[in-house]
Amino acid sequence: MSGGVLAGTARRYRARPSAGHQYHRGAGAGQTADRWRSFSPHRSCQRCDGVYLPVGRTRAAGGVGRFHPALPVPGIPLHDSSPWYLPGPDPPGYGDCCHAVGWVAGNHDAGGNPQSLTGGCLLALRLADAVPLQAGQRFEVLNLAFPSGQVLTLGGWVRHVRTDDEWTSALIGCEFSALAIDHERQLWHCVREIERESARKSAQSDRTLQPSALFLSPTGKKPLPVALPTRVPANVSGNVTATRLLGVADYLNAQILALQNGDEIVSTLLSRHTDTLLTLGVQNRESLLYALGYLAAEPVLVQHALNVAVRVSDLARWRRYGGDTLKAITACALVHDLGKALLPAAVLDSERPLDAGQRERLSRHVGWVLERLRGCRWLAPDIADEIIGEANERLDGSGYPSAKSEAELGELGRMMAVVDVIDAMTRARPDRPALGLIDSYRQVLGQPDLFDSTWTQRYIKRFGTTPVGSLVRYASGALAWVQRLDEQGRPDQVHMVLNVNNRSRRLDQLLIGIDIDQLGHLEGMVMPEAFGLSRMAR
């Protein structure tokens, strides 16, 4: 987001004021206030019809400033497809409110009048959208749009990226840049109007105050509330498997943010979400494999983690692994690459081959994950050492982190390396384009000195050359998503969505068994992007 714009379609919300007050230990003279103390007697914000922003003043020399009751404020989208909104009134880790806190701090003279003003706000957004953000990233434009139509444009930096207490959304602390005099006056005007509206809504006397013009629409009416982003997209509603899989994706996004803040892998949550994947695989493996296609809007790291975990679990179950061993295999595969979220962009996004120093830094992600799994006492260390520690090892000793030889690699590590590399090859990287699945198979089969040929052949036999979830083309020009394979690995149930001979007409037809024959000869897999197709859920 360096140099980026926090803007987009302005979103306006109506809110009820909270009965709670926020208290804050102010910074010293000329510094930004950034430490929070709060309490929240208001317990119904998850059912409210708007969002909140407590705002207060902080005197110089580290005084304690009182935050006024929460007030209605607008939402702030990052871009049109990933809306930001202001959460409500408690900062991260404090209280039960699901919305958020904003703050304004500055220096005042002896009479309490502002001399200089700085500030920021706490934003909430989807976990998936928060993963790429880092403390210190700059945004050039942040638009605060009020119901009246007035817009205040500010720049600034991301101060921190955290999760809420329930790991259901991300909380982004933003600091405004030093303000020009005109912006400072505008911001102070907004603060005063917010305080005025707060006083009107929280007044206990019979005296009636006129509403602030800042919080009325241009027609003089209260604006209707705008719905906040939902966790389950409309095109997934009703699909239980996809909905639960997206829940596991949210967990991974939150766990990545927690790792970036120095936390451990949470044992209970890893166990719970591993059980979810195992249950979904037992109930209907085809539905689970197909649901992986709804992850396209997730960060690549999360997509890779889930694709590998689902397939290595399915392959291991097919090979008669079960019980605690299967759970440990699945759990380790789910988090095997999360340590990469702690690596610098210079390593992950390099468009050139990594030098020796960069390769050494890359290898550290393996140890970081193993170290943060120490609290997972239910997870067998020897399985973690194979699934996580050997996923990037190679039979000829050229892998990392330990450059193990063929004789030193375990059976589970060999299996994991095959599953991991096939998924990685089918994903684009800054230094190379994505390979098709068949080309990936050829690459792995053609390097028996690197990858275990037995496990490669087992993988191909289990998932096929037109796997569940792939888009295939038939001789008639029909394009269809594969939903089920027969015992010979041929599509046995497909969802036809397009005919390339008439691209302007989208189709929606389910074909099963012999009905598929009407589509003609199966030509093979195609890339959905080439035809503008996706099952992206978010």
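The predictor's confidence in each residue is expressed as pLDDT, on a scale from 0 to 100. The structure is a predicted model, in which local features need a pLDDT of at least 70 and side-chain atom pairs count only at 80 or more, whereas totals for chains, interfaces and linings use all residues. Residues are numbered from 1 along each chain as its sequence is written, and side-chain values use heavy atoms, with hydrogens and water left out.

**Exercise 1. Determine how confidence is distributed over the protein chain.**

Step 1. The mean pLDDT of the protein chain is 78, and 74% of its residues reach 70 or more.

Step 2. Residues 1–108 have a pLDDT below 50; beyond near neighbours in sequence, this stretch has 347 contacts in the model, a contact being heavy atoms within 4.5 Å.

**Exercise 2. Describe the nonpolar core and one of its residues.**

Step 1. Of the 538 residues of the protein chain, 52% count as buried. Buried means under 20% relative accessible area, exposed over 50%, and partly exposed in between (1.4 Å probe, protein chains only).

Step 2. A nonpolar core is a set of buried Ala, Val, Leu, Ile, Met, Phe, Trp, Tyr and Cys residues joined through side-chain atoms within 4.5 Å. The largest such core has 127 residues, and those with the most contacts inside it are Ile172, Leu270, Leu306, Leu334 and Val335.

Step 3. Helix α3 (residues 240–260) supplies the largest share of this core, twelve residues. Helices (H or I, at least four residues) and strands (E, at least two) are DSSP runs, numbered from the N terminus.

Step 4. When neighbours within four places in sequence are left aside, the contacts of Leu270 include Tyr251, Leu334, Val335 and Trp378.

**Exercise 3. Establish which side of helix α13 is buried, and examine both ends of the helix.**

Step 1. Within α13 (residues 453–463), the buried residues are Trp455, Thr456, Tyr459, Ile460 and Phe463.

Step 2. These residues lie on the same side of α13 because they cover an arc of only 140° around the axis, the arc being that of the directions from the helix axis to the C-beta atoms.

Step 3. An α-helix has 3.6 residues a turn, so residues three or four places apart point the same way.

Step 4. The buried residues pack against α5, α6, α11, α12 and β11, whereas Gln457 and Lys461 are exposed on the face turned away from the buried side.

Step 5. At the start of α13, a side-chain oxygen of Asp452 reaches to within 3.0 Å of the backbone nitrogen of Thr454. After the helix comes Gly464, whose phi is positive, near 80°.

How values were computed:
A polar contact is a pair of N or O atoms within 3.5 Å; within protein, one must be able to donate a hydrogen and the other to accept it, and residues adjacent in sequence count only if both atoms are side-chain atoms.
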